[in-house]
Every structure is written in structure tokens, then in C-alpha cells.
Amino acid sequence: MPEIQLVIFDFDGVVVDSEVISARMLVAELAEYGVSIDLPYVAQHFLGRSYPVVLEQIRREFAITLPRGFEADYRARLVAAFRDGLRVMPGLTETLEALRVPYGIATSSSPARVAQSMEIVGLTRFFDGRITTAAEVTHGKPAPDLPLRAAEKAGIAPENCLLIEDSLAGIRAGLAAGMQVWQFTGGSHFEGMVPPSAPDALPHQAFAKFSELAHLAPQLLTAAQTKGPAHE
């Protein structure tokens, strides 16, 4: 593995345990329009995509017309749900504090939603000036533009970046960017199911707990993190 000089985290489903909240809400909202999907369907087809892309895909695949303002109303209800139940992934803050190399975020979420989510869970101080969103690129995941932009802003070559993703779209983006790509499978949206996979989206490594990084990549962490008690 090339020397890792930058760790890039996806946000939803990796940094915060948000995907299960948004997926359940989307399933319930679409049921009101006669669209019947479940969490595995969302994980396979929508995970890692921006809301406008997801909604356009829904309109096309299910031949339905969503009312004007659907996206804005959905976003508002989602933020309200986040205020009640959004959590940081277990072990994430300890990992950030122990990293020896720079880190950042590359996310399909909007700048406003990322900022709101960060404020809700108290992560703003960790990621100030370290966030790249889909608003900064022309093509979202699975195109490589987003992780490449994050690497460019940090001044690190793509081959020296580790991208941590949960979605097929994100894995494809990282592979296309020429990065080391690890899949995080510990989000609640994968509970009770096998995470989706595809021949063209095979990560270099998969892990379910951030405490596993002490064994998978001890060179990236301080000695205290690699030798101390595991954080679950």
C-alpha cells in the first residue's frame, strides 16, 4: 500500500450514523406516493448520492411526479429527525484525535446539511476547514471528482490518500480517483443485512468498527491509540 498522507472520510454513514434515519424517512415518504421500497433497496441504489440525484432517479424509475417543494420539505423534516436521533459513529472522535496524518471529509451532502449535522453532534471543531461537498464539483459520485477535489485542496496526490466510504457510489468514486479505498460497514443502515457489493466496487479493505484501525493501519495512529484499550 502506498504511504497514506491524507485520510478522507465520507460523512453520512461513516462519520455520523445518519443513513438509517434518512433511509427510513425516505421509504415512509415514498410509500405515501405508492412507491414501495425497503432499506436494502435504498442501500443498493441511493446510498452515497445527492438528494437531487436520488429524487430524479425515483421520478424516472417509478414514473411518479413529486410535488413542488417535496425536496425542501423532506430536508426540513430530516433535520428535525437528526436533532432527535443523530449520533457520531462509535470510536470516530478517538480516531480523529489519534490520527498522525491530515484528514478531511468528501460528501454528497449540501454544505448547509453538513454544517447542521456537525452542530447537532458537536463535531464542528474537528472538521472546520476540512470539508469538501458536492457543491464544489461538476459530477458527483460515482465520478471521481469529489474525492479528487478533497485531495487537491489538501495538496496530496490521490495515490497517497485513504478514502473511507460506505456506499457503492463512493467506493467507485475512490477507485476511479486512484485512491486506497476502505469500506466502513458499521453504520446502522447495514444492520441485519449484507452490505451491497458489485464487481466494479470492490474496496481494498472493509471494517465495521473504528477501533479496528489500530490493527489495520497502526502507522496512521499515535502509539496511545494503537496500544491502549479499544474504543467501541
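Two strands count as paired where DSSP finds at least two bridges between them, and with that convention in hand the tour of this predicted model can start at its sheet.

**The sheet as a whole**

Select the six strands first: they form an open sheet in the order β3-β2-β1-β4-β5-β6, with parallel pairing. The edges are held by β3 and by β6 (205-207), each of which pairs on one side only. Looking across the sheet, you should find a twist that averages 25° from one strand to the next.

**Strand β2 and its two partners**

Next, select residues 103-107, which make up strand β2. Five of the five residues in β2 are buried, so this strand is largely enclosed by the rest of the structure. In a regular strand the side chains alternate between the two faces of the sheet. Show the side chains of β2, and you will see Y103, I105 and T107 pointing one way, while G104 and A106 point the other way.

Now add strand β1 (residues 6-9), which runs parallel to β2 and is joined to it by three bridges. A convenient place to centre the view is I8, which stands opposite G104 of β2. Then turn to strand β3 (residues 131-133), which is likewise parallel to β2 and joined to it by three bridges. Two residue pairs can be picked out here: I105 has I131 as its bridge partner in β3, and T107 has T133 as its partner in that strand.

**L6 in strand β1**

Staying with β1, select L6, which lies in this strand. With a relative accessibility of 4%, L6 counts as buried, the cut-off being under 20%. If you display its surroundings and leave aside neighbours within four places in sequence, the residues in contact with L6 include V101, P102, Y103 and G104, and also A150, A151, A154 and I156. One of these, A151, is 145 residues away from L6 in sequence, yet the two C-alpha atoms are 7.7 Å apart in space.

**W182 in strand β5**

Move along to strand β5 (residues 180-184) and select W182, which is found there. W182 is buried, with a relative accessible area of 3%. Apart from its neighbours within four places in sequence, W182 is in contact with residues that include M1, the run L162, L163, I164 and E165, and P203, H204, Q205 and F207; L213, L216 and A217 are also among its contacts. For a distance to check in the viewer, take W182 and E165, which are 17 residues apart in sequence and 6.3 Å apart from C-alpha to C-alpha.

**The helix pair α3 and α4**

For the last stop, select helix α3 (residues 51-62) together with helix α4 (residues 70-85), which pack at an angle of about 125° with their axes 11 Å apart. That angle makes α3 oblique to α4, and the crossing of the two helices is right-handed. To see what makes the contact, show Y51, P52 and L55 on α3, and F70, E71, Y74, R75 and L78 on α4. Coloured by class, the contact between α3 and α4 has six nonpolar residues, two charged residues and no polar ones.

Definitions and conventions:
Residues numbered from 1 in each chain as written. Predicted model: local features only at pLDDT ≥ 70, side-chain atom pairs only at ≥ 80, totals over all residues. Heavy atoms only, no water. Buried < 20%, exposed > 50% of the residue type's maximum accessible area, 1.4 Å probe, protein only. Helix = DSSP H or I, 4+ residues; strand = E, 2+ residues; numbered from the N terminus. Axes fitted to C-alpha atoms, helices over the stretch in contact; angles between N-to-C directions. Parallel < 35°, antiparallel > 145°, perpendicular 65-115°, else oblique. Left-handed = near helix turned anticlockwise from the far one by under 90°. Contact = heavy atoms within 4.5 Å. Nonpolar A, V, L, I, M, F, W, Y, C, P; charged D, E, K, R; others polar.
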